[in-house]
Amino acid sequence: YRVLQQAPEARPVLVRTTGLWGRRFSWAWGHHPRLDRIVKSAIKELLQNFIFFTPRRHVTIEFVQPEDLPLEEGLDRFNGCLEEFYNRTASPPLYVPYTIWEKGEPHHMPEPEGDSGEASDSLEAVPENIKNRVEEHLRELSGADEILPEHYLGRDLGIDSIARAELLAWLEDEWGRSGGNAESVQTVSDLMLTAAGRPPQEEPAEIKEPPKAWMEKMPGEIHLPEVPTIGEAFVETATRLGSLPIAADQVSGCLTYRRVLTGIFALKPHIQQLPGDRIGIMLPASAGAGVVYLAVLLSGKTPVMLNFTLGSRSLEHCLKTAGVKSILTARELISRLKGRGTDFSPLEDYFTYLGDLRSNIGAGEKIKAAINARFRPQKLLDDLPAPDDEAVILFTSGSESFPKGVPLTHRNILTNLRDVTKVISLQPEDRLVGMLPPFHSFGLTVTLLLPLCTGIRTVYHPDPTDGATLAQLTDAYGVKLLVGTPTFLKGMLRISSSLASLSTLRLAVTGAEACPEETYRTLEKRCGGAVVLEGYGITECSPVVSVNDENDPRPMTIGKVLPSLEYAIVDVESRRKIKTGERGMLLLRGESVFGGYLPQEGGGPPNPFVEFDGKEWYETGDLVTEDEESVLTFQGRLKRFVKIGGEMISLPAIETVLKNRYPDLEGGEPQLAVTCDEDRDPPQIVLFSIRKELDRRSANSLIRESGLSPLHSIKKVHYLEEIPMLGTGKTDYRSLSELLKEQG
């Protein structure tokens, strides 16, 4: 529809295939078609039919150029016309005998259960009060005035998978309903059915079983080699454990260290030919993401990890800031994201698809790579970087309008990983589940580099909101360690009860938001001796700053600061050291702290370092308290960002978008200000405005048009005669926060 609106002279050709419904590769048999079983049966049947006498199915393929597509009558009428065309010749599933020895003619099969309008019948049975409450909540969340059952949460309402996970948590809090997951709940009707206790039933994923070697204990102790660079740490561990498995996912299967080395050797010369010294990587959590990261790093280039959940506007800014000219990504990922409404058109020229890259690797190159992996892995270290050279560039949303570029060195990351191995006991029989994407600082360092450089086997899954599959993987792969946000951990516990026991879990390390007491209780009940370790981290600190002691965990605290870090807690106003138990701002210094942000177009970001006690410190902008035993408790943030769904949401970024349409007045007085109601759970973004025409719907429309992610959504609008200002001429956000508390 959108294509024809832009190019009305284009000739649409509709392709319609009939006759295949009912074959073994269809869902007409009531279950997911299994390729391996079908192929085995087919070979047997071909032989029984002497190949040439096999019964055949009549299939029709039509190519039609329609003359009457109602382009001027709107999207719904247009889609209805297409639907009528494709369903016009639909016939019941047809069974055709598979061998000449079968009795009987081709005959119609019954429709599989759950087809033919069951969803709409079920929706009619949903009580009106539930429908109305879901619609009301979706209006608040999305800013849309009209909520229809057929609306897609992502495409039509701008609610992505992370926000959908929050929706499911809301349903559980509101009605005590559990079930479904962020992928199965796609539409408003799906959400209503889940609220009524009838979630969309998704067939449990068929988990590939790991090889026997996966469950075997790693030889020797788990340790991080005492070397100065990430490449050396990886190659030393890979050489020692060459034939043993290290990483797995449901696409690549199980990779041994030798296969990882082979992949790096094969990709390295092709990556070296890509333009620029910095190469973008846009991939989900996967076994292949580690191969690609190391291949870029050992090619003498700097990996730049890109957050594919950002809007196109922010992604373009990241590319310019880092000077990236090529992005390594997967065609399947981009296709899936486009299908959910993400616009990648400004980035198409940057993409280098890994599938295309692999197809250019010749047989001779593959053989050479395999030989080098087995006999000469040290060849990857021919051109060693210095410890203080860049090992990665990550991006984080701070108090500025755009994401900030955070370069981390080999020294930064290895120092942090060594600290982690000192405070968390890693055992040879430990196995980890990796769900956090590699653009996330914890996802890169703790669930990707730590395993590759120490030998902790890790099974990856690309969707952290898919609690059901994560739980099944935990059981199937004997996972003992889990790293994720409390939201994702809660999703696993909520969904998994009928699918997996989670009995193998030993430690759950969580951060980014406070872990609810209910999650502690549920994990203890479900997993016996499993321990929750809350921690705290910042991308700029590589990223772990503090974590609880597994032998003495303190719920609702963030634990002790890591050994290599110096810290100070100071009064926000006077910058003097505070007394034990008082709230103050956390300052940090040490070898895991980065050296400064990448410069941005137009200047900035501001210097994040301050002078205190004769030394230079990184100013976190976060408030903490410390008890007599040096255990910290997180008390809030000073920076103007808010954490929603585990993601950093920049309030100035939203403000900048709106001010492009409603700029400050000639005297410098602002027409609007954006703040946050952090007393709500989840926090709500609030707009103060002197313009009555700037309502919630128009504000969110401007935000979506700008390319910011759906999590950047205004929940409330308050109208004022004027926006309060400080004597310095800046907006008085403290007064706005007090006003927000008064108005409720």
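**Entry 1: two helices**

I began with helix α8, residues 230-240, and helix α9, residues 257-272, which pack at an angle of about 135° with their axes 9 Å apart. I note here that what I am reading is a predicted model. I looked up both an angle and a distance because two packed helices are described by the angle between their axes and the distance between the axes. Angles over 145 degrees count as roughly antiparallel and 65 to 115 as roughly perpendicular, with the rest, apart from those under 35, counted as oblique, and α8 and α9 are therefore oblique to each other. I also recorded the sense of the crossing, in which α8 passes α9 in a left-handed manner.

Which residues make the contact between α8 and α9? From α8 I found Phe234, Thr237 and Ala238, and from α9 I found Tyr257, Val260, Leu261 and Ile264. When I sorted the residues of this contact by character, six were nonpolar, one was polar and none was charged.

**Entry 2: a sheet with a helix on it**

Next I turned to an open sheet of three strands, which lie in the order β27-β28-β29 and whose pairing is mixed. I wanted to know which strands stand at the edges, and they are β27 (672-677) and β29 (714-719). Each of these has a single partner strand, so one side of each is left without a neighbour in the sheet. From one strand to the next I noted a twist that averages 25°.

I then followed one pair in detail: strand β28, residues 684-689, runs with β29 in the parallel sense, and the two are joined over five bridges. Within this pair, I found Val686 standing opposite Lys716 of β29. Helix α20, residues 651-661, packs on the sheet and touches β27, β28 and β29, while its direction makes about 150° with that of β27.

**Entry 3: a strand covered on both faces**

My last stop was strand β16, residues 507-510, where I asked whether the residues on its two faces are buried or exposed. Leu507 and Val509 on one side and Ala508 and Thr510 on the other are all buried, and both faces of β16 are thus recorded as covered.

I also looked up the strands that pair with β16. Strand β15, residues 481-484, pairs with β16 in the parallel sense over four bridges, and in this pair Gly484 stands opposite Thr510. Strand β17, residues 531-537, likewise pairs with β16 in the parallel sense over four bridges, and here the bridge partner of Ala508 is Val532.

Methods:
Residues are numbered from 1 along each chain as its sequence is written. This is a predicted model: local features need pLDDT of at least 70, side-chain atom pairs count only at pLDDT 80 or more; totals for chains, interfaces and linings use all residues. Side-chain values use heavy atoms; hydrogens and water are left out. Axes are lines fitted to C-alpha atoms, for helices over the stretch in contact, and angles run from 0 to 180 degrees between N-to-C directions. A crossing is left-handed if the near helix is turned anticlockwise from the far one by less than a right angle, and right-handed if clockwise. Contact means heavy atoms within 4.5 Å. Ala, Val, Leu, Ile, Met, Phe, Trp, Tyr, Cys and Pro count as nonpolar, Asp, Glu, Lys and Arg as charged, and the others, Gly among them, as polar. Two strands pair if DSSP finds at least two bridges between them. Buried means under 20% relative accessible area, exposed over 50%, partly exposed in between (1.4 Å probe, protein chains only).
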